[in-house]
Amino acid sequence: MSAIRPPGHYAVIDGVQRHVVVSARDYVTVQGPHGPVRHTMDELDDLLSVGVRARWHGGDVSVSSVDGDDVAFFTNDRGLAEREHLAGDFHNGWHGSAPLAELSDVDERVTSIHPRRREP
């Protein structure tokens with residue numbers, strides 16, 4: 001399995017997708033070469049929400065973070081949680097971590113959430 005993009009928000013600025021570190025109603029902040037850079041919504045080409053789902057040890061998981069070759073995930077699959085001794089509970093779901101190589105059927109979902117895109 002090759003690297004996957006961490007889930008979260010991405011600002012499209014001059015055609016380049018940049019991971020958002022702070023998101024507010026009328027602006028986002030991305031990491032620039034010399035520190036955080038704030039951009040108003042009007043400066044963005046688009047604002048994307050990225051979610052990543054996958055299969056792990058026979059169950060469905062949602063990736064919550066990526067750190068090198070490791071991922072953190074959560075699931076509502078009680079059978080998977082019991083088989084793999086994941087932390088959590090029925091009401092809040094379960095969470096765990098795994099090497100990226102153990103994931104299969106990785107599906108990245110990208111949705112535009114830019115306020116201009118939602119206007120009628």
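Arg5 lies over the face of Tyr10, at 4.7 Å from the ring centre. A second arginine, Arg38, sits over the face of Tyr27, at 3.6 Å from the ring centre. These positions, like everything below, come from a predicted model.

The structure also holds one aromatic pair. Its members are Trp56 and Phe73, whose rings are tilted, with 4.8 Å from centre to centre and 45 degrees between the planes. A pair of aromatic rings is described by these two quantities, the distance of the centres and the angle of the planes. Trp56 belongs to strand E5 (residues 46-56) and Phe73 to strand E7 (residues 70-75), so the pair ties together parts that are 17 residues apart in sequence. Are the two rings on buried or exposed residues? Trp56 has a relative accessible area of 5% and is buried. Phe73, at 2% relative accessibility, counts as buried too. Buried here means a relative accessible area under 20%, so the values for both residues fall within that class.

Next comes the chain as a whole. It has two helices and ten strands. Read along the sequence, these elements follow the pattern β-β-β-β-β-β-β-α-β-β-β-α. The C-alpha trace spans about 50 × 35 × 20 Å along its principal axes. The chain has 120 residues, and 33% of them count as buried. Among contacts with a separation of 6 or more, 54% are between residues 24 or more positions apart. The chain exposes about 7500 Å², and carbon and sulfur atoms supply 48% of that area. There are 12 positive and 19 negative side chains, and the centres of the two sets lie 6 Å apart.

Two residues have an unusual backbone angle to look at. Most residues other than glycine have a negative phi. His85 has a positive phi of about 55 degrees, although it is not a glycine. Asp105 is not a glycine either, and its phi is positive at about 50 degrees. Where in the chain is His85 placed? His85 is in the loop between helix H1 (78-84) and strand E8 (87-89). Asp105, by contrast, is found in strand E10 (residues 103-112). The table gives the relative accessible area of these two residues and of Arg55, which is taken up below.

| Residue | Relative accessible area | Class |
|---|---|---|
| His85 | 70% | exposed |
| Asp105 | 60% | exposed |
| Arg55 | 28% | partly exposed |

Arg55 lies in strand E5, the strand that also holds Trp56. With its relative accessible area of 28%, Arg55 is partly exposed, whereas Trp56 is buried at 5%. Which residues does Arg55 contact, leaving aside its neighbours within four places in sequence? They are Asp60, Glu102, Leu103, Ser104 and Asp105. One of these contacts, Asp105, is the residue with the positive phi of about 50 degrees. Glu108 gives a further point of reference for Arg55: the two are 53 residues apart in sequence, and their C-alpha atoms are 12 Å apart in space.

Conventions: Residues are numbered from 1 along each chain as its sequence is written. This is a predicted model: local features need pLDDT of at least 70, side-chain atom pairs count only at pLDDT 80 or more; totals for chains, interfaces and linings use all residues. Side-chain values use heavy atoms; hydrogens and water are left out. Rings of Phe, Tyr and Trp (its six-membered ring) pair if their centres lie within 6.5 Å; planes under 30 degrees apart count as stacked, over 60 as edge-to-face and the rest as tilted. Helices (H or I, at least four residues) and strands (E, at least two) are DSSP runs, numbered from the N terminus. Buried means under 20% relative accessible area, exposed over 50%, partly exposed in between (1.4 Å probe, protein chains only). A charge sits over a ring if NZ of Lys or CZ of Arg is within 6 Å of the ring centre and within 35 degrees of the ring normal. Contact means heavy atoms within 4.5 Å. Accessible areas come from the Shrake-Rupley method with a 1.4 Å probe; for residues, only the protein chains shown count as cover. Lys and Arg count as positive and Asp and Glu as negative; His and the chain ends are not counted. The place of a charge is taken as NZ of Lys, CZ of Arg, CG of Asp or CD of Glu.
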